[in-house]
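Hi,

Here is the structure I promised to pass on to you. Please open it and have a look around before you read my notes.

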Amino acid sequence: MNTADFEFLASILKQRSGLVLAPEKAYLLESRLMPVARKFGFAGLPELIVTVRKERPEELLRDITEAMTTNESLFFRDMKPFDQFRNLVVPKLVESRQSTRRIRIWSAAASSGQEPYSIAIILMEMQSLLAGWDVEITATDISVEMLNRARSGLYTQFEVQRGLPIATLVKYFKQVGEKWRLDAGVRSMVKFKEFNLLDDPAALGRFDIVFCRNVLIYFDQQTKAEVLARIAKAMPGDGVLYLGGAETVLGITDRFVPITGHRGMYGIAGGEPALKSA
Amino acid sequence: MKTCLVVDDSKVIRMVARKILEELNFSVVEAEDGKVALEACKSRLPDGVLLDWNMPVMDGIEFLNELRALPGGERVAVVFCTTENDLQHIQDALAAGANEYIMKPFDSEIIQTKFSQVGLI
């Protein structure tokens, strides 16, 4: 792929999803867009690019964006954030939300569903503490295809082995041929919605806990700051934000502050975090 | 350095597992069936066992039962690693006292995750 074509496709991705594609990732365009080219009947990427330049067909632009924004997802990724969620954050919110008995959680880049379903499994295990509570998990992603995959709750053997303890697999999944399907009760706890992180999340409502892990790394500094500012507006003063292990708010925004001693967790600046620094 | 006993009748699988585990800083001992593995455990209990199911002489489940009966054998973390990937086999392994279960094929990330889940890493 020549530089002009790479820059053209990269600019479309930036505009539509915020994703910044570095030149050394040009190989990703080729590997991920070939299936899109085939789907639309093009002989190869050059023909696809010509059509995009001339006609900018919405359906094709959408599929290109989806193909490039699909990221790997794991159950209970990095484990520790989920342990903290189970052992510290939820119990603390149960204390502070006694009057409303309502907790809203947002998985902001849900991909194929492993993150929101990990959250749902934990909450399922905490049923005795949460009896009579209204706990909502909203899972969003830019990719309709990924959301449909996530809704199906169907995972390959490889996917269920990455992060999911075997006892949890046995308890909450059924084997369907070569794949494993998550229990309908757990699936029903998660509401999936199409959402672009470049848009205003106000319509989604307010969230006590936001998981936005391993997605900011694909954005430039300004986009990161804008996304984080919008997320902050959607959270109460004692809300908790989870970012990925390689991500931070430092030097990007002053809307969030790290919760000391709890790597990857952030509170609202000037707020009263549900979880105190350790 | 923690020790891991790799029990599999396939020399290739043992080699691949050894390479992955040594990169994770384990000292690796190999055994080609359950009986050889049991003898190794009798002379020195490892911290963990990566265990195949189907092997000649003594299979994985029989080995696991014998291991758990050894003094201190209940403390060894046992991770099955087998082509038996149906729910019934998994349930049988857990009932026999397996700590985790890997369905072949596997890669280093899966081994690392499972070993971490059983506290070996």
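Below is what turned up at two interfaces, one within a chain and one between chains.

Please keep in mind that this is a predicted model.

Let's start inside chain A, which is divided into domain 1 (3-69) and domain 2 (80-268). The C-alpha centres of these two domains lie 29 Å apart. Where they meet, 11 residues of domain 1 are in contact with 11 residues of domain 2. About 840 Å² is buried between the two domains, and carbon and sulfur atoms give 49% of that area. The rule finds 2 salt bridges across this interface. In one salt bridge, A:Arg62 pairs with A:Glu194, with the closest N and O atoms 2.6 Å apart. On the domain 1 side, helix H1 (3-17) and helix H4 (58-69) each supply at least two of the residues that touch domain 2. By class, that side has 2 nonpolar, 5 polar and 4 charged residues.

Now for the contact between the chains, which takes 16 residues from chain A and 20 residues from chain B. Together the chains bury about 1,500 Å², with 58% of it on carbon and sulfur atoms. Which three residues supply the most of the area that chain A buries against chain B? They are A:Gln157, A:Gln161 and A:Ile166, with 42%.

Across this interface there is 1 salt bridge: A:Arg162 joins B:Glu109, the closest N and O atoms being 2.6 Å apart. There are also 10 residue pairs in polar contact between the chains (both at pLDDT 80 or more). The side of chain A that touches chain B divides into 11 nonpolar, 4 polar and 1 charged residues.

Enjoy exploring!

Technical notes. Residues are numbered from 1 along each chain as its sequence is written. Chains are lettered from A and ligands numbered from 1 in the order in which they are written. This is a predicted model: local features need pLDDT of at least 70, side-chain atom pairs count only at pLDDT 80 or more; totals for chains, interfaces and linings use all residues. Side-chain values use heavy atoms; hydrogens and water are left out. Domain bounds come from an automatic or database domain assignment. Contact means heavy atoms within 4.5 Å. Buried area is the accessible area (1.4 Å probe) that two parts lose on being put together, summed over both. A salt bridge is a side-chain nitrogen of Lys or Arg within 4 Å of a carboxyl oxygen of Asp or Glu. Helices (H or I, at least four residues) and strands (E, at least two) are DSSP runs, numbered from the N terminus. Ala, Val, Leu, Ile, Met, Phe, Trp, Tyr, Cys and Pro count as nonpolar, Asp, Glu, Lys and Arg as charged, and the others, Gly among them, as polar. A polar contact is a pair of N or O atoms within 3.5 Å; within protein, one must be able to donate a hydrogen and the other to accept it, and residues adjacent in sequence count only if both atoms are side-chain atoms.
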